[in-house]
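Please look over the sequence and the model shown below. The report that follows takes up charged side chains, then aromatic rings, and then the secondary structure.

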Amino acid sequence: MYISKKTMRQKDFAALKAKKPGFKKFKLGKSMLYRTKRGWFLSSPNEEAKKYDVGEISITQAQFLLDSYNINYQTGW
């Protein structure tokens with residue numbers, strides 16, 4: 001599902017916390033979807049390792065996930 005192993009940086013999390021333009025966070029059940037200026041990132045739980053896997057996803061996958069959870073947000077794709 002991930003298109004790359006690129007992960008979010010500390011300054012991305014700081015920008016999310018400061019609610020800067022271009023940075024958003026969406027809760028999808030147990031997973032989190034992040035919109036940053038570098039792309040879309042999905043954080044999903046890994047039950048075996050008891051941690052969260054984070055990776056970059058495509059815009060079309062992000063739009064599909066948002067639509068699946070009835071979140072009215074357009075990715076611009």
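Two salt bridges are counted in this predicted model, where a salt bridge is a side-chain nitrogen of Lys or Arg within 4 Å of a carboxyl oxygen of Asp or Glu. One of them joins the side chains of Arg9 and Asp12, with an N to O distance of 4.0 Å, and in the other the side chains of Asp12 and Arg38 meet at 3.2 Å, N to O. The pair of Asp12 and Arg38 links distant parts of the chain, since Asp12 lies in helix 1 and Arg38 in the loop between strand 2 and strand 3, 26 residues apart; helices (H or I, at least four residues) and strands (E, at least two) are DSSP runs, numbered from the N terminus. Arg9, Asp12 and Arg38 are thus linked in a network of salt bridges.

As for accessibility, buried means under 20% relative accessible area, exposed over 50%, and partly exposed in between, computed with a 1.4 Å probe on protein chains only. Asp12 is buried, with a relative accessible area of 3%, whereas Arg9 is partly exposed at 38% and Arg38 is partly exposed at 24%.

Residues are numbered from 1 along each chain as its sequence is written, and side-chain values use heavy atoms, with hydrogens and water left out. Because the model is predicted, local features need pLDDT of at least 70 and side-chain atom pairs count only at pLDDT 80 or more, while totals for chains, interfaces and linings use all residues.

The aromatic residues come next. A pair of aromatic rings is described by the distance of the centres and the angle of the planes. The structure holds four aromatic pairs; rings of Phe, Tyr and Trp (its six-membered ring) pair if their centres lie within 6.5 Å, and planes under 30 degrees apart count as stacked, over 60 as edge-to-face and the rest as tilted. Two of these pairs are set out in the table.

| Pair | Centre to centre | Angle between planes | Class |
|---|---|---|---|
| Phe13 and Tyr34 | 5.9 Å | 80° | edge-to-face |
| Phe26 and Tyr73 | 5.1 Å | 55° | tilted |

Phe13 lies in helix 1 and Tyr34 in strand 2, so their pair ties together parts that are 21 residues apart in sequence. Phe13 is partly exposed, with a relative accessible area of 37%, while Tyr34 counts as buried at 11%. The pair of Phe26 and Tyr73 also links distant parts of the chain, with Phe26 in strand 1 and Tyr73 in the segment after helix 2, 47 residues apart. Phe26 counts as buried at 7% relative accessibility, and Tyr73 is partly exposed at 25%. Phe26 and Tyr73 form one aromatic cluster with Trp40.

Trp40 appears again in the surroundings of Thr75, a residue of the segment after helix 2 (59-68). Thr75 is buried, with a relative accessible area of 17%, and, leaving aside its neighbours within four places in sequence, Thr75 is in contact (heavy atoms within 4.5 Å) with Trp40, Ile59, Ala62, Gln63 and Leu66.

Helix 1 (residues 10-17), which holds Asp12, has as its buried residues Asp12, Ala15 and Leu16. Seen down the axis of helix 1, these residues fall within an arc of 100°, so they line one face of the helix; the arc is that of the directions from the helix axis to the C-beta atoms. What covers them includes strand 1 and strand 2, while Gln10, Lys11 and Lys17 are exposed on the other side of helix 1. Helix 1 is followed by Lys19, whose phi is positive, near 55°.

The strands form an open sheet of four in the order 1-2-3-4, with antiparallel pairing; two strands pair if DSSP finds at least two bridges between them. Strand 1 (24-28) and strand 4 (51-57) stand at the edges, each with a single partner strand, so one side of each is left without a neighbour in the sheet. Strand 1 pairs with strand 2 (residues 31-36) over five bridges, and Lys24 has Arg35 in strand 2 as its bridge partner. Strand 3 (residues 39-46) is joined to strand 4 by seven bridges, with Ser43 opposite Val54 in strand 4. Strand 3 and strand 4 form a hairpin with four residues between them, and Lys50 in the turn has a positive phi of about 55°.
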